[in-house]
Each structure stands twice: as structure tokens, then as C-alpha cells.
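Subject: The structure you asked about

Hello,

Here is the structure, ready for you to open alongside the sequence. My notes on it follow below.

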Amino acid sequence: MIFDENFQLNNGILIPKLGLGTWLIPEDKAAFAVESAVKIGYRLIDTAQAYDSRFEVAQGIRNCGIDREQLFITSKVSANAKTFESAKQSISDILTEMDLDYIDLMLIHSPQPWDEFRGDKRYFKENINVWRALEEAYKEGKVRAIGVSNFLIDDLENIIENCNIVPMVNQVLCHISNTPMDVINFCQSNNILVESYSPIAHGETLKDPLIKEMADKYHVSVPQLCIRYDLQLNTVVLPKTGNPEHMKDNAAVDFIISDGDMEKLKHIKKLDSYGDSAKFPVYNGK
């Protein structure tokens with residue numbers, strides 16, 4: 001059963017293979033979503049300081065009915081926090097806002113501020129200072145693991161070469177029709193676990209007839225195929241939904257995609273557009 005399956009981070013800590021993404025879940029539905037997910041069997045809850053629903057997510061965590069130690073909570077330092085002091089303050093604020101003594105996994109949300117995402121300024125020096133704030137929080141026990149999000153290979157090399165702790169996680173956009181195998185291969189060769197967000201491409205994969213045809217072959221839904229695909233890339237998968245029925249369906253992925261079909265899915269034509277979601281930097285590279 002997927003809820004019994006974990007990956008091991010490079011510091012020995014176990015992390016569930018499937019989690020609940022909470023980005024863009026409406027604030028008035030976020031607490032219910034978290035409580036429902038935990039009731040179904042989810043233990044990994046992914047949020048961030050930048051999410052408008054973070055307070056409601058924290059409420060759901062407090063009210064979910066199981067011990068804190070049984071949950072794996074991820075949050076992310078603000079993308080605009082690009083100094084040691086601002087990152088340190090962001091971590092402190094996250095703990096206060098969520099009313100938690102510790103976070104299981106803390107990430108740098110982006111290598112650049114969102115309004116400069118994938119721009120010419122790379123913020124290498126600044127990210128070293130942000131990472132040192134995460135290292136300090138890790139050593140102080142405020143976080144159990146530290147990592148990054150949306151980092152490219154040279155962003156990761158910058159941390160590895162200039163800091164004391166190798167990132168434990170890199171959370172990236174990864175789905176059928178947009179699989180960054182260069183980043184995945186680099187991470188896995190350096191013992192950095194990859195997490196896949198937006199595994200269903202904000203619903204855009206539902207429109208692809210080739211993906212639908214492959215899902216039909218396995219007698220599963222397109223979302224189930226997409227989640228299984230990311231799992232077989234040996235990545236943690238973070239589908240976002242506030243619907244308990246969808247949460248159940250997303251966890252019903254007890255099937256195996258053949259090696260041949262995995263290769264076909266890796267080479268499906270890259271998604272041209274994310275529709276309305278293209279306004280977000282992670283979907284348009286700007």
C-alpha cells in the first residue's frame with residue numbers, strides 16, 4: 001500500500017512517497033483538505049510561507065487527530081528571502097505561524113525571487129547565505145531535513161561546492177510531457193531525493209490523447225498514470241487536491257508501468273502551454 005512506502009533521505013530520515021500538495025487550495029477549504037487527507041492515510045503535507053492557505057493548513061494539522069510525530073510537514077522559505085538574516089527570520093516565522101516546534105523538511109522555495117525567476121541574475125552568493133541559515137536551523141533541531149525547490153544543476157552545484165551539507169531534497173516541476181531528466185539524474189547521482197510537484201500539470205495532461213490512451217491500457221485514470229509515472233522515476237509525488245475522493249483515487253496506484261511504456265511517456269511531446277496556470281513563474285519560466 002502506497003501509504004506504507006517511504007524513501008530515505010541522505011541523513012537517514014524516512015519520507016513518505018506520496019504527499020498532499022496544498023498550493024492554491026482555497027483558504028476556506030484547506031483545513032478540511034488536510035484533515036481529510038490524514039484520515040485517508042496521507043502523512044506528508046506540503047505547504048510554504050508563500051501560500052495564502054498556510055494558516056488553514058496549520059489548523060488542519062492541529063485538528064487532524066493524530067500525533068504530530070506521525071506527520072511529515074514540509075514548508076519553504078520565502079523566495080524573496082535572499083540573506084542569512086531574512087532566511088533565518090522566515091524559518092522562525094514559519095514555525096510561529098504553524099505553531100510547531102519543528103518542521104520535518106524546510107526548502108528554499110526558489111533560487112531567485114519570483115519576479116526574477118529564471119532570469120539572468122542567478123543569486124549564487126545569496127543562496128549560499130540562505131542555505132547557511134537552513135544549516136543552522138538543522139543543527140539546532142528546528143528542522144529535521146533541509147533542501148531546495150526549483151533548483152537547476154548549477155544552482156545545486158553552487159550549494160554542494162560551497163556549503164557543509166548536501167541538500168536532501170530538490171522539489172521540481174515534473175510530469176509526463178515535462179520531465180527534467182538532467183536534473184533528476186544529477187540529483188540521484190548526488191543522493192538528493194527529487195520531489196515532483198504538479199504531477200498532473202494542473203490538469204493539462206488530461207487533455208493529451210496519448211496520455212489518455214496509455215492510461216486506458218492500464219485501466220487507470222490519467223491522474224493515476226501520472227502519479228505512478230513520477231513514482232517510478234523514484235521521486236516523491238505531491239498531487240494537489242482538496243477533494244477527498246480525488247485523494248483516494250490518487251493513492252490507488254498499485255500497478256506497474258512497463259519499462260517500455262515508461263520510455264514512451266518520457267518522450268511524449270513537451271507541453272506547449274499550461275493554460276491559465278501559465279501566469280505563474282514556474283510554468284512559464286519568467
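Leaving aside its neighbours within four places in sequence, which residues is Tyr-51 in contact with? Please keep in mind that this is a predicted model. In it, Tyr-51 touches Thr-22, Trp-23, Asp-46, Lys-76 and His-109, once those sequence neighbours are set aside.

I began with Tyr-51 because the "active site" annotation in its unreviewed UniProt entry covers this residue, and such annotations may be inferred rather than shown by experiment. Tyr-51 sits in the loop that runs between β4 (44-46) and α2 (54-63). Is Tyr-51 buried or exposed? Its relative accessible area is 8%, so Tyr-51 counts as buried, the cut-off being under 20%.

Now to the pockets. The largest pocket holds about 720 Å³ of space. Its lining is made up of 36 residues, and the closest to the centre are Trp-23, Leu-24, Ser-198, His-202 and Lys-240. You will recognise Trp-23 from the contacts of Tyr-51. By class, the lining of the largest pocket comprises 17 nonpolar, 15 polar and 4 charged residues. Three helices, α8 (222-232), α9 (244-251) and α11 (281-284), each provide at least two of the lining residues, and α9 gives the most, with 3.

The second largest pocket contains about 350 Å³ of space. It has 20 lining residues, and those nearest its centre are Arg-118, Leu-173, Asn-178, Lys-270 and Val-282. Here the split is 13 nonpolar, 4 polar and 3 charged. Both β8 (169-173) and α11 supply at least two residues of this lining; α11 gives the most, with 4 residues. Helix α11 therefore turns up in the linings of both the largest pocket and the second largest pocket, as you can check by selecting residues 281-284.

One more element to look at is helix α1, which covers residues 27-40. From first C-alpha to last, its 14 residues reach 21 Å, close to the 20 Å expected at 1.5 Å a residue. Which residues of α1 are buried? They are Ala-30, Ala-31, Ala-33, Val-34, Ser-36, Ala-37 and Val-38. The cover over these buried residues includes β3 (19-21), β4, α2 and α9. Of these, β4 and α2 are the elements on either side of the loop that holds Tyr-51, while α9 also helps line the largest pocket. Just after α1 comes Gly-41, with a positive phi of about 140°.

Best wishes

Notes: Residues numbered from 1 in each chain as written. Predicted model: local features only at pLDDT ≥ 70, side-chain atom pairs only at ≥ 80, totals over all residues. Heavy atoms only, no water. 1 Å grid on protein atoms, 1.4 Å probe; cavity = no way out; pocket = protein on both sides within 12 Å on 5 of 7 lines; lining within 4 Å. Points joined across faces, edges and corners; volume = space filled by probe spheres on them. Nonpolar A, V, L, I, M, F, W, Y, C, P; charged D, E, K, R; others polar. Buried < 20%, exposed > 50% of the residue type's maximum accessible area, 1.4 Å probe, protein only. Contact = heavy atoms within 4.5 Å. Expected span 1.5 Å × (residues − 1).
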